[in-house]
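Reader: I have a sequence and its model open at my bench, and I would love a close look at one part of it. Could you pick a helix and walk me through what surrounds it?

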Amino acid sequence: MNRNRLILIGLAVTAAIAVSGCDPQPESADTATSPSPAASSAAPTGGTASATTSTAANDAATVKACADIRKDIKDNAAKITKAEKIGPPAGHFAVSAQWAAGSVAILAHSIGANEAVTAASEKIQDEMMALSDAYNKSADAKPSKKALDAAIEELDAACSAS
């Protein structure tokens with residue numbers, strides 16, 4: 001059991017590294033959208049313009065996070081379906097590993113989003129890890145995805161409010 005857990009953690013870490021290396025946005029774009037502390041303190045407008053710029057940058061980050069997380073959920077569902085076709089007993093390891101990898105991708109893309117989207121994405125990540133654990137425990141596991149569906153609905157609501 002510990003060996004299986006180590007393998008799954010290794011796969012999740014590998015997936016996180018792969019996902020973090022695939023960000024198509026260049027490093028300089030992030031620095032161009034967020035105001036530097038020196039620029040905001042030197043603003044002669046009394047700070048309202050820098051607060052607006054900061055809010056706009058946060059909103060843009062939240063919109064991007066929502067789009068990326070929704071894409072991650074869709075991609076993960078396709079990969080889960082493919083892994084489930086392997087069938088038990090070996091297939092449950094692939095399904096468990098994919099749930100873990102998907103949860104890491106969700107967590108990675110939630111960075112920089114507003115509090116509501118971050119909280120909703122953390123719930124999705126927690127539910128994905130719970131599904132990973134359930135599949136890891138039993139080759140014939142058929143855990144309920146109701147909690148995950150509820151967390152996804154919460155994310156949709158948080159993204160719509162942003």
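Author: Happy to, and let us begin with the whole before the part. The protein exposes about 9,600 Å², of which carbon and sulfur atoms supply 61% (accessible areas come from the Shrake-Rupley method with a 1.4 Å probe; for residues, only the protein chains shown count as cover). This is a predicted model, in which local features need pLDDT of at least 70 and side-chain atom pairs count only at pLDDT 80 or more, while totals for chains, interfaces and linings use all residues. Residues are numbered from 1 along each chain as its sequence is written, and side-chain values use heavy atoms, with hydrogens and water left out.

The secondary structure comes to 7 helices and 0 strands (helices are DSSP runs of H or I with at least four residues, strands are runs of E with at least two, and both are numbered from the N terminus). Of the 162 residues in the protein, 31% are buried (buried means under 20% relative accessible area, exposed over 50%, partly exposed in between, with a 1.4 Å probe and protein chains only). Among contacts between residues at least 6 apart in sequence, 74% join residues at least 24 apart (contact means heavy atoms within 4.5 Å).

The part I have chosen is helix α5, residues 91–109. Its 19 residues reach 27 Å from the first C-alpha to the last, close to the 27 Å expected at 1.5 Å a residue (the expected span is 1.5 Å times one less than the number of residues). Helix α5 is mostly covered, with 14 of its 19 residues buried.

Two residues show what does the covering. S103 lies in helix α5 and is buried, with a relative accessible area of 0%. Setting aside neighbours within four places in sequence, S103 is in contact with Q125, M128 and M129. I106 is also in helix α5, and at 0% relative accessibility I106 counts as buried. Beyond four places in sequence, I106 touches I69, D72, I73, S121, I124 and M128. The C-alpha atoms of I106 and M128 are 9.5 Å apart, with their positions 22 residues apart in the numbering.

Now for the core. The largest nonpolar core has 23 residues, and I73, W99, V117, I124, L148 and L155 touch the most other members (such a core is a set of buried Ala, Val, Leu, Ile, Met, Phe, Trp, Tyr and Cys residues joined through side-chain atoms within 4.5 Å). The elements that give two or more residues to this core are α4, α5, α6 (115–137) and α7. One of those core residues, L148, is in contact with W99, I124, E127, M128 and L131, leaving aside neighbours within four places.

V117, in helix α6, is buried at 0% relative accessible area. Its contacts beyond four places in sequence are T62, C66, I69, L155, A158, C159 and S162.

Two of those partners, C66 and C159, are joined by a disulfide, S to S 2.0 Å (a disulfide is a pair of cysteine sulfur atoms within 2.5 Å). C66 lies in helix α4 (residues 48–84) and C159 in helix α7 (residues 146–161), so the pair ties together parts that are 93 residues apart in sequence. The torsion about the S-S bond is about -95 degrees, so the disulfide is left-handed. C66 is buried at 4% relative accessible area, and C159 is buried at 10%.
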